[in-house]
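The following exercises are to be worked with the sequence and the structure at hand. Each task is followed by a solution in steps.

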Amino acid sequence: MVRALESHEGPWDFVIVGGGATGLGCAIDASSRGYSALLLEQHDFAKGTSSRSTKLVHGGVRYLKQGNVALVLEALKERGLLLKNAPHLVHDLPFVVPNYTWWEGPYYGIGLKMYDLLAGRSGFGRSKHLSKEETIERIPTIEPDGLDGGVIYYDGQFDDARLAINMAQTAAEQGGVLLNYVRVTGVLKKDEEVAGVRAVDEETGKEYEIGAKAVINATGAFTDAVRAMDDPSAKPMIIPSQGVHIVLDRSFLPGDTAIMVPKTDDGRILFAIPWHDRVLVGTTDTPVDGASLEPRPTEEEIEFLLVHTARYLTRDPGPEDILSTFAGIRPLVGVASEGEETASVSRDHTLHIAPSGLITITGGKWTTYRKMAEDTIDQAALIADLEDRDCVTKSLRLHGYHENTEPFGALASYGSDAPELEALMRDDERYGEPLHPDHAVVAAQVVWAARHEAARTVEDVLARRTRMLLLDARASIAMAPRVARLLAEELGRDEAWQQGQVESYASLARGYLASGPPVSHPTA
Ligand SMILES: Cc1cc2nc3c(=O)[nH]c(=O)nc-3n(C[C@H](O)[C@H](O)[C@H](O)COP(=O)(O)OP(=O)(O)OC[C@H]3O[C@@H](n4cnc5c(N)ncnc54)[C@H](O)[C@@H]3O)c2cc1C
């Protein structure tokens, strides 16, 4: 990829800043239309919000309550397309809304029937009313005291960071050039118009000046920092808000059904969801001062999640039960600068064009990334004065596409790549060894991540190529020395690099622990 960047002649059609869902979606869309596209990500792909979501591919039931039918329709359509194009990572999931007062059953029942109707033929399953007994049968650990019954409905679930990596691979297969660990530091101008970016390779320190016919700012919570590179007086458009999750052992919610609480005391939605054989509980909505690559849950947020989970489950989780806790920042869109054009493509995402031609795409959600990218590239092609070409992503299969991943067991989320990982394990028996006695992650996944998934650090492997950091932060710290050794072999690194990697990973991962016994310092 570095060679492709350095050997490219002339300006790129598009330089995309940011390698989360939005930027990666734009890279796929642009390159699959045959435009030349370069994507630069300052850290790792999906390091930002895109690896910290609730992992739902959903229409957004709550927008229905706000009467925003168009938004729900759009998201439900995208939900269906994502299932079609990435069936190895997206699957349907039953949700139960437990009812503790008599009116909740009919109230939520009608709303969810409407959700079914809007989904139409791309629906994941029909909602229906459940008796108290049926609700308990579905969720044996649901709090039975005062339970009246429930409503079951269906939505989608996925693995966000794995999808992001497969999206980067898809964009590359379509001819795109994508680099992680290259940070955009400035905007190049010609006659007041954006003509490219200045960037630095964070691994080597090498600086680049890169020409582009259009620059797309897809930096999520960092949107305003990149807009300020273009225009230091640009009024901020992002109002950042933090959402926190806690991860618990599966025994808190056995079975395959999630719980959705439409309204907690303070009006938030709360989910408890089975995910990779753990339970994910979230989320909160706390205003924060600004963007951070490592937002941290506050004690109040963790307490809020524990208290509310305890209300709906027979066993009350405590801080000691938290296997991991993580935070993500919602790039909520506020008001645009005066005199600038804000093409609000939908209430959910915002496409903004600065007077210099800098294109900013932000807001929205994971589920709608494809539509966001389609809208962005349509607009960017106009700004770059490129030949009009149709979007092809509605039917473009994503890397790893596979219709039946069940036979791949623990490697199912690799989809069509799984047989190649199995071959790695057959060729070298060391690669079949688990990285931890309590977990199914094997050495082959580290080797694969380095060779085919652009993993550069221990964190890349443990946080986003595998999801160990989110599933069991403590166990992931124990895995770090082994991961560092395997990566060092693949990337040609020395002992000092390994030691540095293990130390920085352990320090990062300790931030994902809520409390519990102290973590020993692993050595490489
Ligand atoms: C708590 C929470 C739960 C959510 N749950 C769901 C859900 O279940 N389903 C759903 O559909 N949506 C969900 N969302 C929304 C969804 O996660 C986001 O809309 C989406 O991930 C945003 O992606 P993005 O690419 O715009 O931003 P990001 O993922 O943050 O990506 C921006 C990237 O830009 C990079 N960057 C910044 N500055 C620079 C620079 N100067 N140079 C190069 N790179 C730079 C950053 O490092 C980052 O990786 C959730 C959001 C939150 C906060």
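**Exercise 1. Determine whether H276 is buried, partly exposed or exposed, and describe its backbone.**

Solution. The model is a predicted one.
Step 1: The relative accessibility of H276 is 35%. Buried requires under 20% and exposed requires over 50%, so H276 counts as partly exposed.
Step 2: H276 is located in the loop between β13 and β14.
Step 3: The phi angle of H276 is positive, about 45 degrees, although the residue is not a glycine.
Step 4: The two flanking strands form a hairpin with 2 residues between them, and H276 belongs to the turn.

**Exercise 2. Describe the strand pairing around β13 and state how far β13 is enclosed.**

Solution.
Step 1: On one side, strand β12 (residues 258-261) pairs with β13 in the antiparallel sense over 3 bridges. Here M260 has F271 of β13 as its bridge partner.
Step 2: β13 also pairs with strand β14 (residues 278-282), again in the antiparallel sense, over 5 bridges. W275 has R278 of β14 as its bridge partner.
Step 3: In a regular strand, side chains alternate between the two faces of the sheet. In β13, L270, A272 and P274 point one way, whereas F271, I273 and W275 point the other way.
Step 4: Of the 6 residues of β13 (residues 270-275), 6 are buried, so this strand is largely enclosed by the rest of the structure.

**Exercise 3. Where does the cis peptide bond between G282 and T283 lie?**

Solution.
Step 1: The bond that joins G282 and T283 is cis, with omega of about 10 degrees.
Step 2: T283 is placed in the loop between β14 and β15 (286-287).

**Exercise 4. Classify the packing of α13 against α16 and characterise the contact.**

Solution.
Step 1: Two packed helices are described by the angle between their axes and the distance between the axes.
Step 2: Helix α13 (residues 458-465) and helix α16 (residues 495-510) pack at about 40 degrees, and their axes are 9 Å apart.
Step 3: Angles under 35 degrees would count as roughly parallel and 65 to 115 as roughly perpendicular; α13 and α16 are therefore oblique to each other.
Step 4: α13 contributes V458, E459 and L462 to the contact, and α16 contributes Q501, Y505 and L508. These residues divide into 4 nonpolar, 1 polar and 1 charged.

**Exercise 5. Which residues touch the most other members of the largest nonpolar core, and which helix supplies its largest share?**

Solution.
Step 1: The largest nonpolar core has 70 residues, of which F95, Y153, V483, L487 and Y505 touch the most other members.
Step 2: Helix α15 (residues 473-491) supplies the largest share of this core, 10 residues.
Step 3: Leaving aside neighbours within four places in sequence, V483 is in contact with L435, V446, V458, V461 and L462.
Step 4: A second, separate core has 44 residues, including A171, I359, A380 and L396.

**Exercise 6. Describe the loop residues A46 and S122 by location and accessibility.**

Solution.
Step 1: A46 lies in the loop between β2 (37-40) and β3 (56-57). Its relative accessibility is 1%, so A46 counts as buried.
Step 2: A46 has a positive phi of about 65 degrees, although it is not a glycine.
Step 3: S122 is placed in the loop between α5 (104-119) and β5 (128-130). With 27% relative accessibility, S122 counts as partly exposed.
Step 4: Leaving aside neighbours within four places in sequence, S122 is in contact with L76, R79 and G80.

Note on methods:
Residues are numbered from 1 along each chain as its sequence is written. This is a predicted model: local features need pLDDT of at least 70, side-chain atom pairs count only at pLDDT 80 or more; totals for chains, interfaces and linings use all residues. Side-chain values use heavy atoms; hydrogens and water are left out. Axes are lines fitted to C-alpha atoms, for helices over the stretch in contact, and angles run from 0 to 180 degrees between N-to-C directions. Helices (H or I, at least four residues) and strands (E, at least two) are DSSP runs, numbered from the N terminus. Angles under 35 degrees count as roughly parallel, over 145 as roughly antiparallel, 65 to 115 as roughly perpendicular and the rest as oblique. Contact means heavy atoms within 4.5 Å. Ala, Val, Leu, Ile, Met, Phe, Trp, Tyr, Cys and Pro count as nonpolar, Asp, Glu, Lys and Arg as charged, and the others, Gly among them, as polar. Buried means under 20% relative accessible area, exposed over 50%, partly exposed in between (1.4 Å probe, protein chains only). Two strands pair if DSSP finds at least two bridges between them. A nonpolar core is a set of buried Ala, Val, Leu, Ile, Met, Phe, Trp, Tyr and Cys residues joined through side-chain atoms within 4.5 Å.
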